Amino acid sequence: MLFLRTAEDNFMARPFQLPPLPYADNALAPVISAQTIATHYGKHHKTYVETLNKLVAGTEFEGQALEAVIRGTASKTDQTSLFNNAAQTWNHTFYWKCMKAGGGGKPPRAFAERIDGAFGGFDKFRAEWINTAIEQFGSGWAWLVADGDSLAIARTGNAAVPFTMGLTPLLTIDVWEHAYYLDYQNRRTDYVRAVIDKLINWDFAASNFEHAAADHNFVPVMSA
Ligand SMILES: [Fe+2]
């Protein structure tokens with residue numbers, strides 16, 4: 001009997017996919033141009049996902065959720081590349097969700113009150129987030145996190161994620177140069193201010209905080 005191989009037979013399922021952007025590639029312009037999206041999402045983010053799939057194949061982490069791969073490799077010095085690509089896959093999917101067309105402005109009332117209580121007012125919070133983003137030396141991320149029941153600003157270098165440190169990510173800003181160089185060259189401060197003032201998706205942050213308040217171990221799921 002002759003068995004014909006089909007395309008499906010040769011298809012090896014890959015555990016992770018590049019999630020679609022939650023908006024059109026020009027939706028964040030002029031703060032973040034379609035050209036930056038084409039490179040940042042279409043090349044950098046895509047490459048992290050593809051490299052992750054190559055590195056995870058055949059390891060004990062194959063088939064695990066993205067968040068589990070990150071937790072499992074975070075402290076393993078022989079899994080640095082797998083951790084970096086898994087964490088960067090997670091960070092970028094999360095980052096895209098942190099922004100929307102027509103975002104920025106002030107948070108929803110209840111969440112705004114929590115920010116006022118934690119930082120002494122929205123303007124102080126905004127200034128601390130901007131300063132933290134500027135002071136991150138080299139590549140990394142500037143975060144708003146839940147630390148138990150309270151809020152805090154945090155920064156991480158390279159691919160590091162807050163949830164391996166007991167902090168729940170609520171918002172992030174990518175401060176790798178590839179996030180802003182085409183639009184702002186070296187002016188990271190201008191990029192960070194514009195993202196906070198014009199793009200931040202406060203509903204996403206407030207939703208993350210509601211989940212974090214109910215479960216201190218909550219981690220937003222970015223597996224795709
Ligand atoms: Fe990035």
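**Notebook: a three-stranded sheet and its helices**

I began with a pair of glycines: glycine 140 has glycine 157 in β2 as its bridge partner. I note here that the model I am reading is a predicted one.

**Entry 1: the β1-β2 pairing**

I followed the ladder on from that pair. β1 and β2 run antiparallel and are joined by eight bridges. I also looked up alanine 146, whose bridge partner in β2 is leucine 151. The two strands form a hairpin with two residues between them, and glycine 148 in this hairpin has a positive phi near 65°.

I then asked whether glycine 148 is buried or exposed. I counted 12 C-beta neighbours inside 10 Å; the limit for exposed is 12 or fewer, so glycine 148 counts as exposed. Glycine 148 sits in the loop between β1 and β2. I checked one distance from this loop: the C-alpha of glycine 148 is 8.9 Å from that of asparagine 217, with their positions 69 residues apart along the chain.

**Entry 2: the other side of β1**

Next I looked at β3. Strand β1, residues 140-147, is joined to β3 by six bridges, and the two run antiparallel. I noted two positions. Tryptophan 143 has threonine 172 of β3 as its bridge partner, and alanine 142 stands opposite isoleucine 173 in β3.

**Entry 3: the whole sheet**

I wrote down the strand order as β2-β1-β3, an open sheet of three strands with antiparallel pairing. Which strands stand at the edges? They are β2 (150-157) and β3 (168-174); each has a single partner strand, so one side of each has no neighbour in the sheet. From one strand to the next, the twist averages 25°.

I checked burial in β1 as well. Seven of its eight residues are buried, so β1 is largely enclosed by the rest of the structure.

**Entry 4: helix α9**

I looked for what lies across the sheet. Helix α9, residues 202-214, lies across β1 and β3 and runs at about 150° to β3. I found 13 residues in α9 and a reach of 18 Å from first C-alpha to last, close to the 18 Å expected at 1.5 Å a residue.

The buried residues of α9 are Ala205, Asn208, Phe209 and Ala212. Why do they line one face of the helix? Seen down the axis of α9, they fall within an arc of 100°, so they line one face. I recalled the rule behind such a pattern: an α-helix has 3.6 residues a turn, so residues three or four places apart point the same way. I listed the cover over the buried residues of α9, and it includes α5, β1 and β3.

**Entry 5: helix α6**

I turned to α6, residues 122-135. It has 14 residues and reaches 20 Å from its first C-alpha to its last, close to the 20 Å expected at 1.5 Å a residue. Its buried residues are Phe125, Trp129, Ile130, Thr132 and Ala133. Down the axis of α6 these fall within an arc of 160°, so they too line one face of the helix. On the face turned away from the buried side I found the exposed residues Asp123, Ala127 and Glu135.

What do the buried residues of α6 pack against? I listed α5 (109-119), β1, β2, β3 and α8 (188-198).

I took the contact with α8 separately. The axes of α6 and α8 are 10 Å apart, and the helices pack at an angle of about 145°. The crossing is right-handed. From α6 the contact uses Arg126, Trp129, Ile130, Ala133 and Ile134, and from α8 it uses Arg188, Thr189, Val192, Arg193 and Ile196. I marked Trp129, Ile130 and Ala133 among these, since I had already listed them as buried in α6.

**Entry 6: alanine 68**

Last, I checked a residue in another helix. Alanine 68 lies in α3, residues 66-73. I counted 14 C-beta neighbours inside 10 Å, so alanine 68 counts as partly exposed. I also took its distance to alanine 86: C-alpha to C-alpha the two are 9.7 Å apart in space, and they are 18 residues apart in sequence.

How values were computed:
Residues are numbered from 1 along each chain as its sequence is written. This is a predicted model: local features need pLDDT of at least 70, side-chain atom pairs count only at pLDDT 80 or more; totals for chains, interfaces and linings use all residues. Two strands pair if DSSP finds at least two bridges between them. Helices (H or I, at least four residues) and strands (E, at least two) are DSSP runs, numbered from the N terminus. Axes are lines fitted to C-alpha atoms, for helices over the stretch in contact, and angles run from 0 to 180 degrees between N-to-C directions. Two residues are in contact if their C-beta atoms, placed from the backbone, lie within 7 Å. The expected span of a helix is 1.5 Å times one less than its number of residues. A residue is buried if 20 or more other C-beta atoms lie within 10 Å of its own, exposed if 12 or fewer, and partly exposed in between; C-beta atoms are placed from the backbone. The arc is that of the directions from the helix axis to the C-beta atoms. A crossing is left-handed if the near helix is turned anticlockwise from the far one by less than a right angle, and right-handed if clockwise.
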